Each structure stands twice: as structure tokens, then as C-alpha cells.
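User: Please take a close look at one part of this model, the contact surfaces of chain A. I would like a connected account of how they are made up.

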Amino acid sequence: MATPLLGQRVKRKEDPRLIQGRGHYVDDIQLPGMLHMAFTRSLHAHARIGSIRVAAAKAAPGVVAVYTGQDIQGQLGWVPCAAGIEGLKVPRHSCLAIDKVCYVGEPVAAVVAASGYAARDAADLIEVDYEPLPAVVNPEKALAKESPVIHEELGDNVAFVAKLAGGDCASLEADKTLKVIKARFINQRLAPVSMETRGVVANYSPGEDLLTVWSSTQVPHILKTQLAIMNSLDEARCRVIAPEVGGGFGSKLNVYGEEGMACLASRRLGRPVKWIEGRRENLQATIHGRDQINELEVYVRPDGKVVGLKCSIIADLGAYHQLLTPAIPTLTALMILGCYNIPNVFVQTTGVFTNKMATDAYRGAGRPEATYIIERVMDLVAHELNMDPVDVRMKNFPSPDDFPLALPTGVTYDTANYQRSLKKVLKAAGYSRLRKEQERLRKKGKYLGIGLSTYVEICAMGPSSRMPAGGWEFGEVRIDPTGKVTVLSGTSPHGQGEETSFAQIVADGLGIPYDDVTVYHGDTFQVPMGIGTFGSRTTAVGGTAIYQAMGRLKKKMARIAAHQLGVKPGELVFRDRRIETEDGQKSIGFAEVVAEAIFAKQLPPGIDPGLHEHSVFEPSNYTFPFGAHVAVVEVDGETGEIRLRNYYAVDDCGRVLNPMLVDGQIHGGVAQAVGQALWEELVYDENGQLITGSLMDYAVPKAHQFCWFETQNTETRTPVNPLGVKGVGEAGTIGATPAVVNAVVDALKPFGVRHIDMPLKPEKIWRILKQGVRN
Amino acid sequence: MKLDGSYTIPAPREVVWQQLMNPETLAKSLPGCERMQPNPDGSYQAELKVGIGAVKGSYQARIEILNPVSPERYRMKVEGKGAGGFVNGEGLLTLTENGSAQTLITYSGEAQVGGVVASVGQRLLQAAARQIVSQFFQAFAKQVQAVAFPPPSTDPLIPSSPR
């Protein structure tokens with residue numbers, strides 16, 4: 001009890017129910033009279049819809065209703081987009097396609113039936129006449145004048161062009177002392193693949209005029225507002241509950257057409273309607289991530305100091321905007337300088353419509369792309385100038401004294417010590433020893449690669465001025481008459497473990513046992529307001545709101561205790577279930593103060609009865625966690641297969657509240673990042689058919705493909721919030737991808753390899769090896 | 001998806017051509033063909049049961065023969081759709097005499113596949129298509145042989161050789 005709870009490897013409160021299969025996900029919800037919904041989806045990437053024949057589906061056993069786009073037109077709002085970008089074109093996005101389909105998997109009709117199987121079978125009986133149109137799959141071709149236009153009413157396929165400039169890149173062109181390095185990187189399209197697919201249960205009760213929606217979502221409050229708007233209901237008539245959510249990685253930071261349809265069907269039928277997404281639907285019709293083409297020009301002094309960076313980003317947005325689709329690539333521009341104070345920068349981001357599923361936030365959301373660009377650039381600089389990649393980085397790091405550091409991109413980094421994390425990871429990896437081993441093995445014809453990534457990310461999203469729907473978060477702490485504590489948070493975790501970390505914050509602050517604190521989240525009737533869980537904001541913004549609410553509660557309790565003890569409130573500390581003076585001479589039990597506050601017999605004047613306080617925390621800035629990773633890979637000279645031999649990560653997410661949760665985030669994040677570097681890729685063929693449509697074809701990594709990740713931390717606290725925490729949910733995904741690619745390129749240096757686009761599949765490497773050997 | 005190859009039928013070109021234009025023979029040769037009927041416009045409507053890996057399904061296909069140049073070549077256009085997706089293909093078949101008793105059929109074409117078959121069966125698609133084509137030609141060769149060289153009849157009332 002005496003040891004502080006914060007900073008301890010406290011076991012997760014969530015795990016007993018989850019590992020015993022006793023949690024309740026959306027699909028576990030069973031309601032009397034519940035119906036099931038299934039969708040008929042477009043087989044074509046781009047086609048006009050002719051007639052839709054639904055008679056056979058309507059007549060199929062168990063079918064209650066069939067809806068097409070025509071049936072819902074004007075009765076269900078558009079799928080919303082919240083991104084605010086100047087001049088952004090927003091195509092109308094119906095929950096069911098009306099006269100045209102724009103990607104394979106777009107919902108065309110919905111069937112509601114007595115069982116899921118009946119609905120699925122009937123959905124397959126719906127016949128849609130398509131008049132196929134030429135599909136636009138490649139974003140660069142979509143920009144060409146002669147390209148077919150996906151949304152004719154918008155004129156062309158350009159959704160937006162955003163420019164970000166700082167310093168003066170143009171002046172660098174005349175400077176002949178500078179070396180100019182050019183590069184083109186492709187950041188391939190990925191699928192988030194959360195273990196639990198999407199799912200929704202909508203239950204409209206006509207009597208109460210109340211729509212209750214259970215959804216596998218990261219943003220119940222945003223979803224509630226949007227579903228209320230789409231269904232023309234007062235928000236008071238709409239309740240959203242996020243039960244257990246089995247992973248999201250950003251893909252559930254959204255409002256989907258299927259959610260709208262479940263609500264519409266339940267409203268029309270007066271019965272609960274459930275839709276559970278299949279895995280094939282998940283790969284086709286849940287948002288995708290990444291998908292950028294980056295063209296770069298880098299200006300470097302002969303000593304390795306980078307003085308300018310120009311980048312064109314072509315972002316493949318897919319056919320429609322989901323909630324934040326266009327905003328994601330703008331984060332790439334914002335973070336393109338990484339942890340280097342490069343004085344001149346120019347980034348042009350072009351968002352392009354293509355006949356594919358929308359891209360949107362996938363773990364890291366725009367920042368993995370930025371880190372990949374700048375960290376590959378640093379290795380290219382090292383390559384061109386024949387320098388060690390460590391030296392190039394050290395040369396370009398700002399000093400720890402430079403913080404807060406305003407960058408020409410317009411962001412201000414809070415605190416950092418990049419040198420410290422890099423030195424620490426080099427020590428952990430035994431960097432100079434590895435270089436010697438690499439030299440030895442090369443002589444034997446074996447290819448070992450050592451790759452670095454020194455990253456910085458933008459987290460704790462964020463100041464409301466920069467966030468489309470606000471960036472604050474809500475927290476409430478209540479103490480019940482029995483002395484137990486209830487915590488409410490507007491964030492909505494899906495694996496992060498905040499029932500644990502928030503309980504740690506509150507138990508630590510109130511000096512009570514961890515088991516006395518219960519954290520609730522995800523129900524809009526329970527938690528009055530909230531934004532949600534994304535952008536590594538849960539602890540830094542949501543945790544701070546709770547910390548502040550608890551602070552208010554402590555102030556009140558201290559006044560009551562002081563009144564009882566005859567001391568000043570400022571003299572009291574909360575520890576070991578007591579509220580007492582530092583020396584322990586005057587002391588009162590925590591439970592006694594609770595009883596006094598609630599039963600209100602001798603409250604000091606001006607104090608209201610009860611112990612419940614809330615706080616809405618508005619951060620003044622983002623936070624900027626950082627770190628340094630080293631990947632060690634072996635390339636099989638015969639097969640081109642890459643084995644990740646060692647992985648070392650030093651991450652700095654500010655103050656660490658629970659090292660086990662931080663480790664978990666890093667491990668999972670690194671796994672997904674390595675997945676992008678080596679295996680994962682969503683592939684559409686030239687006609688816009690998704691040909692990686694199952695987990696047999698889309699290569700999600702398996703545990704046996706990884707080595708153990710050696711993780712450590714440095715701790716550079718942020719002044720942006722009183723807890724000093726920065727956020728860690730996306731760090732692994734942001735930091736690790738370039739480390740692995742840098743390692744593979746490093747391994748293949750003897751073959752003259754300068755760059756290879758991801759994923760680094762054995763076939764690609766094998767071809768290089770074969771060609772190289774021939775040369 | 002591109003498809004090309006060739007197959008040798010041990011029969012004279014005229015006979016092969018006639019059978020290639022004969023819907024009954026085609027129906028018997030097409031793997032999984034349940035039905036094939038002529039449409040008023042000269043095309044054919046067929047019902048095919050095809051399995052690509054785990055994706056098995058029934059397809060309604062419209063088969064059209066274009067620009068026939070007897071007995072040398074024709075183009076074939078196939079538009080099939082079913083619950084598993086759609087297949088649209090067009091190809092050229094060329095018949096070359098290989099001596100007097102053999103005919104070389106060369107085919108080349110392109111097919112566009114959509115739906116579940118495209119997204120799930122992609123890895124198997126090329127191999128499966130090749131297998132279907134090969135099954136077709138094997139069965140077709142048998143059909144042609146039956147016409148060109150019918151087996152001796154076992155019915156005592158029918159003469160054993162029509163030639």
C-alpha cells in the first residue's frame with residue numbers, strides 16, 4: 001500500500017473476464033425479437049446501377065425486409081466526413097449506393113431476416129444489373145486529364161490540394177554547395193484487421209422513442225451525435241454503447257453506412273436489428289490505411305546537415321470520405337521533419353479519389369508515413385555521403401535545450417532528448433559489435449542488416465482548435481457512500497487497458513486500494529460527454545481529465561477533513577485510506593470523510609453534500625513522444641526471405657504509469673509495423689477488384705515470425721498535462737517500419753541497393769539477389 | 001487474367017470445326033455445364049456449376065460466337081454471373097491442320113473476374129482456369145472422336161461402321 005501505484009506493473013483489471021471468454025462483445029448481445037441484417041455488395045469497382053431485382057430475396061424464408069438505395073433516399077443522412085480542409089470536395093456518400101457504385105464491396109442492398117444465415121442467403125439472391133464503367137485504380141493515373149471521373153459532379157478526381165511551407169526551399173536550388181538527393185517512396189495500402197470485425201445492434205423502442213445502439217466503436221459519443229443526425233432524432237433519443245471492443249487500430253474511429261442502416265431498419269420495423277461484419281467484408285469495406293506516393297527532394301550540406309526537404313504526397317483516398325479520410329495525409333505533412341530541425345520545408349499533399357475503399361486512420365494515421373519518409377531519407381543521406389546512419393542523425397538532432405522547439409512545419413515539440421534514446425538503444429543493441437559482425441559475415445557471403453529509426457510522433461490529440469470535433473476529454477470521479485470509487489471516462493478503449501491505468505491514477509491520488517476503483521466508459525447515457533480513443537490520447541487527455549476531477553474531489557474532501565481535524569486543508573495528505581497531516585498526528589479515515597460528505601451532518605459552510613466531480617481537460621498542445629529503434633535482419637541469400645533476428649526499442653512516452661501496458665503497446669505496435677515492412681499489402685487489380693480479400697491472401701504476421709522485442713524506456717515528461725504523460729498507443733507502429741526497411745536495405749548494400757519499396761517480400765528480395773549476383 | 005495455350009485434337013479440321021460450332025457438343029464438353037440453350041439472337045445461354053478452390057457456385061453464362069471464319073477461327077465472348085461474382089471473357093480460337101488427321105486448336109484471350117472469386121480465389125484462379133480449359137478440351141476431344149470414329153455398335157441390328 002505504501003508504494004505508489006503509478007509506475008507499477010499492475011495487472012490489468014480487464015484480463016480475467018477477457019481471457020476467460022466472459023466479456024461481452026456486440027455479437028454476444030441477444031435481444032428478444034432480434035432480426036439480422038446482411039448486405040449485397042458491389043461486385044464492380046465502378047458501374048452504374050440498372051435495375052435491382054429483390055423479389056426472390058423478399059420471398060426467401062425468414063426475410064422481413066429488403067432495402068435498396070432508392071428505398072432509403074432522403075430518409076437516412078449521408079455517411080459523415082468531419083475533416084476540415086480548405087476547398088475539400090466531399091462527395092455524397094449514401095449508406096446504400098443509389099445510382100452508381102464506386103468501389104468493390106460498396107453496400108447496394110440490405111436484407112433483414114430472422115437469422116443471420118437467412119439474411120446472408122437472401123442477400124445473395126438479389127440481382128443487380130450493372131453497367132460497368134472504366135475503373136480508376138492508380139492515383140497518379142486518376143490525376144490525368146483523360147482519366148474517368150469518379151464523382152462527375154465534382155469535376156475531377158482531386159479531393160484537395162494542401163500546401164505546407166516553412167523557411168524558403170526555393171532559395172536552396174541556387175546553392176551549388178548543396179547535394180540534392182531525390183527519392184520516390186510508395187507507402188502501400190494496409191488493412192487494419194482488428195480481431196473483432198465491426199458489428200452493430202440497433203434497437204428502436206417506439207414507445208419510448210429511444211434508439212439504443214451497441215456498436216464496436218472507438219467513439220461512442222461522436223457516433224451518437226452522427227446517428228442522431230442521420231436518423232433525424234434528438235440526441236436525447238439516442239444512446240450508443242460500446243461494449244467490449246476487440247481492437248480497432250483506428251478503423252472503428254468512424255461512422256459507417258452499415259451502422260446507419262441498422263438504425264433505419266430498426267426504426268422502420270420496431271425491432272432490434274443486428275449486423276456482424278464478416279472477415280471478407282472487413283477487408284473490403286472497413287477503412288484501409290496508408291496508401292501514399294511520396295516524391296522527395298532533399299538538400300544536404302557536405303557534412304551531412306540536411307537543410308531542406310521538398311515532398312509531394314499523393315494520397316489515395318479511395319472512392320468516398322469516411323470520418324477523417326482527407327485529414328490523415330495532412331498529418332504526414334505536419335510530421336515530415338521527424339526529429340530533425342530542418343529549416344526549409346515544402347510539402348504539397350494531393351488527395352485523390354480512386355475506385356477503392358476509403359483510407360482513414362490506421363494505427364499511426366499519417367505519422368508512420370512521415371516517419372518512413374524522413375527515416376529513409378536519413379539513411380539515403382548516409383548512403384550518399386558514405387556516413388554512418390548514426391552520425392547523420394546525431395548531426396541533425398536538435399539539442400535537448402532547444403525545447404520547446406517550434407518547427408517550420410508550424411508545430412511546437414514539447415520536450416525531447418533524442419540523443420539519449422539513440423545512445424541507449426545503440427548500447428542495448430551493441431551497435432559497433434553488430435557492425436563488425438556484419439563485416440565478417442559479408443566476407444562469407446551472408447547478409448546481415450542493421451537498421452535505425454529515430455522517430456517522433458504527434459500524440460495526445462489534441463488542442464480543440466486543431467481537431468474537427470474538439471480535442472478535449474471528459475472525466476468524472478464519484479465516491480459512493482460505501483467509500484468505493486466510480487470513474488467515468490469519455491474515452492472508449494478497445495484493448496488499451498484504461499480500466500487499469502485510470503484506476504491506478506485515482507487509487508494513487510486518493511490513497512485507497514486499487515481494487516476500490518471501478519472505471520466505466522463507452523455508454524453515452526452513463527458518461528455525459530466524450531470524444532473517444534484514438535491518436536494516443538486516452539491517458540494524456542482522458543487520464544488528465546480524471547486526474548483533474550480527482551483533484552477537485554480531493555480539495556473538497558480535504559476541506560471536510562480539515563473542518564473535522566481543526567487544521568488547514570493544505571496541510572493534509574491522502575494515504576493508506578486516511579486523510580492526515582504529513583506527520584500523521586492529526587488523522588481521519590477516508591471512509592469517515594466520505595460518510596460525512598454524503599450524510600452531510602457537519603459539513604463546513606459553503607460545501608455541498610456529495611462527492612462527485614467532473615472535469616473537461618483541454619490540452620494546450622499535442623505531445624511529442626519519441627524513441628529510437630534498431631532492427632537486425634538476416635537475408636537468406638537463397639530464398640530472399642528476411643528473418644528479423646533482433647529488435648531493440650527505446651521509447652520515451654513521457655511519464656510511464658504502468659510499464660506493462662507501455663510494453664504491450666510497443667510490442668503490438670512493432671508487430672504491425674514489421675507487418676507493413678515485410679508482408680502486408682492490399683492489392684487491387686487494374687479493374688479495381690480487391691485480390692487480397694481473405695486472410696489467406698492478406699499476410700497478417702504470426703507470432704512465430706518475430707523475435708523477442710527488447711524494450712526499454714527513457715522518461716522525458718511533458719509540461720502539456722499535469723501527469724507528464726505523452727501517449728504510446730501508436731509509437732511502435734510509427735517507429736518500427738523504417739527500422740526494418742533500413743535494415744534490409746543495409747543488408748543489401750553490397751548489391752548496390754539504395755531503396756526497395758515495401759512490403760519486402762521474399763520474391764522481391766530474391767530477384768534483387770539474383771540480379772546482383774549476375775552483375 | 002490472360003489465358004492462352006493450344007490443344008491437339010486427333011480429328012480432321014472440318015470435323016473439329018463442326019463440333020466446335022455444335023452447342024450440344026460444347027454443352028457436353030464444358031465442365032459443370034448443366035444446361036445450354038440457344039437465344040433468339042444466336043448466342044447461347046448456359047448454366048454452369050464451377051468451383052474455384054472453396055468458392056463453388058452456379059453461374060448463368062451468355063456465350064456468343066463472333067466473326068466465325070470456317071473452318072479456321074472464331075471469337076468467343078462469355079459473360080457469366082452468379083452469387084460468387086462475375087466472369088467476363090473474350091478469346092480467339094484458331095484451328096490449324098496438323099496433317100490430315102490432327103487439328104491444333106490455339107486459343108488466347110483475357111478474362112475479367114469479379115466478386116468473391118476475385119478476392120478469395122485469386123491465387124488459384126489462373127491454375128483453376130487452366131484446369132477448366134484442359135478439362136474442356138479433353139472432353140471435347142472425346143466428343144469429337146465419338147463423332148469422327150464411332151465405336152463399333154453392339155446392337156446387332158445396326159451396321160457396325162457407318163462409313
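Analyst: The account below takes the contact between two domains first and the contact between two chains second.

This is a predicted model, in which local features need pLDDT of at least 70, side-chain atom pairs count only at pLDDT 80 or more, and totals for chains, interfaces and linings use all residues. Residues are numbered from 1 along each chain as its sequence is written, chains are lettered from A and ligands numbered from 1 in the order in which they are written, and side-chain values use heavy atoms, with hydrogens and water left out.

Chain A is assigned domain 1 (18-133 + 193-285), domain 2 (413-456 + 624-775) and domain 3 (462-617); such bounds come from an automatic or database domain assignment. Between the C-alpha centres of domain 1 and domain 2 of chain A the distance is 37 Å. Contact, meaning heavy atoms within 4.5 Å, joins 10 residues of domain 1 of chain A to 12 residues of domain 2 of chain A. The two domains bury about 800 Å² between them, 65% of it on carbon and sulfur atoms; buried area is the accessible area (1.4 Å probe) that two parts lose on being put together, summed over both. On the side of domain 1 of chain A, A:V104, A:V193 and A:L283 supply 53% of the area buried against domain 2 of chain A, more than any other three residues.

No salt bridge is found across this domain interface, the rule being a side-chain nitrogen of Lys or Arg within 4 Å of a carboxyl oxygen of Asp or Glu. One residue pair, both at pLDDT 80 or more, is in polar contact between domain 1 and domain 2 of chain A; a polar contact is a pair of N or O atoms within 3.5 Å, where within protein one must be able to donate a hydrogen and the other to accept it, and residues adjacent in sequence count only if both atoms are side-chain atoms.

The second surface faces chain B. Here 17 residues of chain A are in contact with 15 residues of chain B, and the two chains bury about 1,200 Å² between them, 53% of it on carbon and sulfur atoms. A:L43, A:R280 and A:Q689 lose the most area on the chain A side, together 34% of what that side buries. The interface of chain A and chain B has one salt bridge, in which the side chains of B:K81 and A:D129 meet (3.5 Å, N to O). Two residue pairs, both at pLDDT 80 or more, are in polar contact between chain A and chain B.
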